[in-house]
There are 4 protein chains.
Amino acid sequence: MLDKKQKIIEATIEQFSIKGVENTKISDIVRAAGIAQGTFYLYFPSKFSVMPEIAKFAVEEIMKEIHSSINLADDLDKKIEDLVSAVFRITDSKKEIFAMLYAGLAQSEHLKQWESIYSPFYDWMCTFLQQSSEKGEIRENINCSRTSRILIGLIESTAEQLYLYDSPSQDEIEAQYKELVEFTKSALK
Amino acid sequence: MLDKKQKIIEATIEQFSIKGVENTKISDIVRAAGIAQGTFYLYFPSKFSVMPEIAKFAVEEIMKEIHSSINLADDLDKKIEDLVSAVFRITDSKKEIFAMLYAGLAQSEHLKQWESIYSPFYDWMCTFLQQSSEKGEIRENINCSRTSRILIGLIESTAEQLYLYDSPSQDEIEAQYKELVEFTKSALK
Amino acid sequence: MLDKKQKIIEATIEQFSIKGVENTKISDIVRAAGIAQGTFYLYFPSKFSVMPEIAKFAVEEIMKEIHSSINLADDLDKKIEDLVSAVFRITDSKKEIFAMLYAGLAQSEHLKQWESIYSPFYDWMCTFLQQSSEKGEIRENINCSRTSRILIGLIESTAEQLYLYDSPSQDEIEAQYKELVEFTKSALK
Amino acid sequence: MLDKKQKIIEATIEQFSIKGVENTKISDIVRAAGIAQGTFYLYFPSKFSVMPEIAKFAVEEIMKEIHSSINLADDLDKKIEDLVSAVFRITDSKKEIFAMLYAGLAQSEHLKQWESIYSPFYDWMCTFLQQSSEKGEIRENINCSRTSRILIGLIESTAEQLYLYDSPSQDEIEAQYKELVEFTKSALK
DNA sequence: GATGAATGAGACTTCATTCAT
DNA sequence: CATGAATGAAGTCTCATTCAT
């Protein structure tokens with residue numbers, strides 16, 4: 001049943017978030033999922049192979065946040081502000097998952113899947129840039145596909161620095177938010 | 001003897017790079033270092049505690065590359081081009097170490113040290129921005145401390161996408177390089 | 001249905017032959033038999049309990065080969081030659097089954113059944129010796145029941161040495177065949 | 001230390017003899033040997049890999065019995081009687097080891113080693129036949145190398161039938177002993 | 001300081017067996 | 001009768017850590 005698989009995925013996200021990937025035992029996952037030890041292996045060959053499912057979940061969360069936060073009809077400045085704050089918000093609320101994905105992706109053989117899992121975000125960003133380009137809101141020499149990756153890397157890396165590595169004050173976060181918004185606006189114009 | 005400690009660090013970098021952090025056993029490290037199993041524990045309490053030493057090494061490598069590649073007397077455009085290509089070069093040549101640090105940092109208790117280990121790069125970047133600011137080469141509303149982090153995140157995340165996750169063609173790399181250089185120039189001006 | 005039982009026996013012979021008894025799982029058997037996991041237990045309580053059925057099958061194969069190869073009306077020398085070559089042939093063609101039975105019998109609780117399963121061969125051999133005795137073709141002090149066991153052990157052990165343990169050339173096999181035939185003739189006369 | 005290795009071999013023989021190969025767990029062996037679980041793996045990768053050491057031991061036991069039982073200066077009949085009774089005696093006293101070796105050898109990848117492990121017995125038997133041949137005690141058309149294998153197979157298979165598979169009376173054993181002695185004398189003359 | 005054989009806790013994984021459908 | 005998802009007991013094996021030399 002897919003019910004059990006879903007339970008495993010949820011329990012894995014939970015346990016990975018709490019304990020980290022390496023400190024999570026299969027026994028932790030199955031206990032959290034309320035299933036038998038052997039059942040885990042009916043669905044996944046190892047805890048690492050749950051990773052892509054978690055990544056999918058994370059990207060879905062990102063996209064939900066993006067879609068609900070950004071109105072493509074707004075002007076560029078507004079959209080940039082909304083975009084940055086959406087990424088900040090999701091990074092903050094799911095920081096364990098993102099930390100975990102970074103750790104897991106950097107080490108596993110699932111790296112290649114990352115590209116395709118992330119593509120909804122890349123695609124959305126590309127569309128975003130294209131529309132802005134058509135409206136003449138951004139530089140003309142922007143390749144939307146290439147810049148979408150650069151832009152996502154820019155915003156996420158800043159968010160990660162803030163929420164994963166440091167524990168900055170709210171003021172600090174806001175200041176960095178503004179600095180990044182200005183940086184991004186300037187970069188695109 | 002510091003000789004042995006140095007051997008351990010080098011062997012750990014080597015083994016972590018080849019096998020990844022989690023798949024490296026103490027026995028792998030001591031074999032590579034040519035020392036006895038017990039000797040490791042005279043210098044480090046665990047393989048994870050070698051991590052900060054490796055991070056230090058990585059940042060030293062970055063700074064060497066930066067210093068040898070960038071002439072602060074050059075004009076801004078030239079310096080941006082040199083900066084991006086220096087980060088690309090070092091990311092490519094030490095990609096295993098960076099992947100490893102990413103994985104290791106995101107999970108360990110050594111996260112807090114990251115900030116101080118990375119500070120030479122942040123400091124250099126801040127100085128770089130300040131000089132450019134004084135010469136009027138960049139926007140006036142740039143806070144050099146904040147933007148140094150943003151800028152490093154921007155360039156490194158793009159380099160990582162290219163060298164760690166994808167295996168792009170040389171043409172692709174160059175195109176992305178140019179896109180990033182334009183993006184950065186525009187962001188700073 | 002007996003259909004399913006037969007399928008299980010055949011699949012078990014196949015799997016035991018390929019993988020050996022210990023390395024064969026119930027899941028291998030049911031997969032090969034095209035039935036469900038639970039169905040196996042409707043017919044057999046364990047994989048070992050299929051063993052006697054396999055032994056029966058093996059003895060039937062031996063007897064078929066014997067009956068089709070030996071004409072009791074022939075003279076003794078001819079019959080000995082035919083007997084040895086029949087056992088050689090069957091050992092070669094069913095070597096995996098014999099190796100398996102050897103391994104399985106030596107360890108299981110089904111050892112006692114061996115005697116009764118093998119009795120058709122012992123009985124045939126006893127009759128063979130008795131007829132030869134009546135015709136005065138063999139020594140007088142032969143007890144046909146005892147010697148039948150000795151004789152079967154002799155021929156089978158030689159065949160097993162050749163086909164199970166070594167991988168000898170055809171020449172080697174023929175030479176050993178002739179040596180055994182002479183040995184046997186001399187033993188019986 | 002070889003001390004530990006020897007302990008493991010002895011404990012393995014003991015446990016295999018008592019429980020059979022498949023029912024013996026590594027934990028049984030290490031408990032019997034008085035060592036830690038992990039220590040076993042310093043010397044052997046699996047319980048099966050102890051098998052060749054056991055086979056060596058078994059052949060040594062056979063050779064000891066043979067050497068102490070047979071006087072090559074005796075006449076042929078006496079030597080055959082002594083040979084058969086020596087093999088009967090050793091098979092009886094080490095029946096568990098022989099049963100175990102049969103089971104183990106028939107299934108493992110160590111089959112090829114069997115030939116070389118058994119060679120002392122083959123060699124001795126070959127010499128035995130050669131001496132008898134020189135004295136004119138046996139048939140002239142005997143190839144001592146080939147017949148040594150046949151002869152060993154003959155005597156051992158009879159002994160195994162008696163001691164491993166059946167549980168015959170002492171009278172029965174003696175009767176079979178005599179039958180085999182006559183059979184062998186006749187075969188060689 | 002250095003060694004490396006020995007330890008043993010504990011995680012992984014398998015797979016015979018069950019039982020609700 | 002037949003099914004096959006689920007179970008969980010049990011065994012394997014690893015590997016960080018110790019400590020006598």
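Chain A and chain C make no contact in this predicted model, their nearest C-alpha atoms lying 14 Å apart; two residues are taken to be in contact if their C-beta atoms, placed from the backbone, lie within 7 Å. Chain A and chain D likewise do not touch, and here the nearest C-alpha atoms are 22 Å apart. Residues are numbered from 1 along each chain as its sequence is written, while chains are lettered from A and ligands numbered from 1 in the order in which they are written. Because the model is predicted, local features need pLDDT of at least 70 and side-chain atom pairs count only at pLDDT 80 or more, whereas totals for chains, interfaces and linings use all residues.

Chain A contains nine helices and zero strands, where helices (H or I, at least four residues) and strands (E, at least two) are DSSP runs numbered from the N terminus. The pattern read along its sequence is α-α-α-α-α-α-α-α-α. The C-alpha trace of chain A spans about 60 × 35 × 30 Å along its principal axes. Domain 1 (2-45) and domain 2 (50-188) make up the domain assignment of chain A, the bounds coming from an automatic or database domain assignment. The C-alpha centres of these two domains of chain A are 28 Å apart. Nine residues from domain 1 of chain A and nine residues from domain 2 of chain A form the contact between them. The side of domain 1 of chain A that touches domain 2 of chain A comprises six nonpolar, three polar and no charged residues; in this classification Ala, Val, Leu, Ile, Met, Phe, Trp, Tyr, Cys and Pro count as nonpolar, Asp, Glu, Lys and Arg as charged, and the others, Gly among them, as polar.

Chain B and chain A are in contact through 36 residues of chain B and 36 residues of chain A. On the side of chain B that touches chain A, at least two residues each are supplied by helix 6 (95-107), helix 7 (111-134), helix 8 (144-165) and helix 9 (170-188) of chain B. Helix 8 of chain B provides the largest share of that side, 12 residues. By class, the side of chain B that touches chain A consists of 15 nonpolar, 11 polar and 10 charged residues. A turn of 179° and a shift of 0.1 Å along the axis lay chain B on chain A with an RMSD of 0.2 Å, copies being superposed by least squares on the C-alpha atoms of residues with pLDDT of at least 70 in both. The copies meet through the same surface, because 100% of the interface residues of chain B are also interface residues in chain A.

Chain C and chain D form a further pair, whose contact takes 35 residues from chain C and 36 residues from chain D. Helix 6 (95-107), helix 7 (111-134), helix 8 (144-165) and helix 9 (170-188) of chain C are the elements that give two or more residues to the side of chain C that touches chain D. Of these, helix 8 of chain C gives the most, with 12 residues. The side of chain C that touches chain D has 14 nonpolar, 11 polar and 10 charged residues. Chain C is laid on chain D with an RMSD of 0.2 Å by a turn of 179° and a shift of 0.1 Å along the axis. The two copies are therefore related as by a two-fold rotation axis. The same surface serves both copies, with 100% of the contact residues of chain C recurring in chain D.

DNA strand E is surrounded by 30 residues, of which Gly38(A), Ala36(B), Gly38(B), Ile26(C) and Gly38(D) are the closest; a residue is near a strand if its C-beta atom, placed from the backbone, lies within 6 Å of it. Elements giving two or more residues to this surface include helix 2 (26-33) and helix 3 (37-43) of chain A. The surface near DNA strand E has 12 nonpolar, 14 polar and four charged residues. Around DNA strand F there are 30 residues, and Gly38(A), Ile26(B), Ala36(C), Gly38(C) and Gly38(D) come nearest. By class, the surface near DNA strand F has 12 nonpolar, 14 polar and four charged residues.
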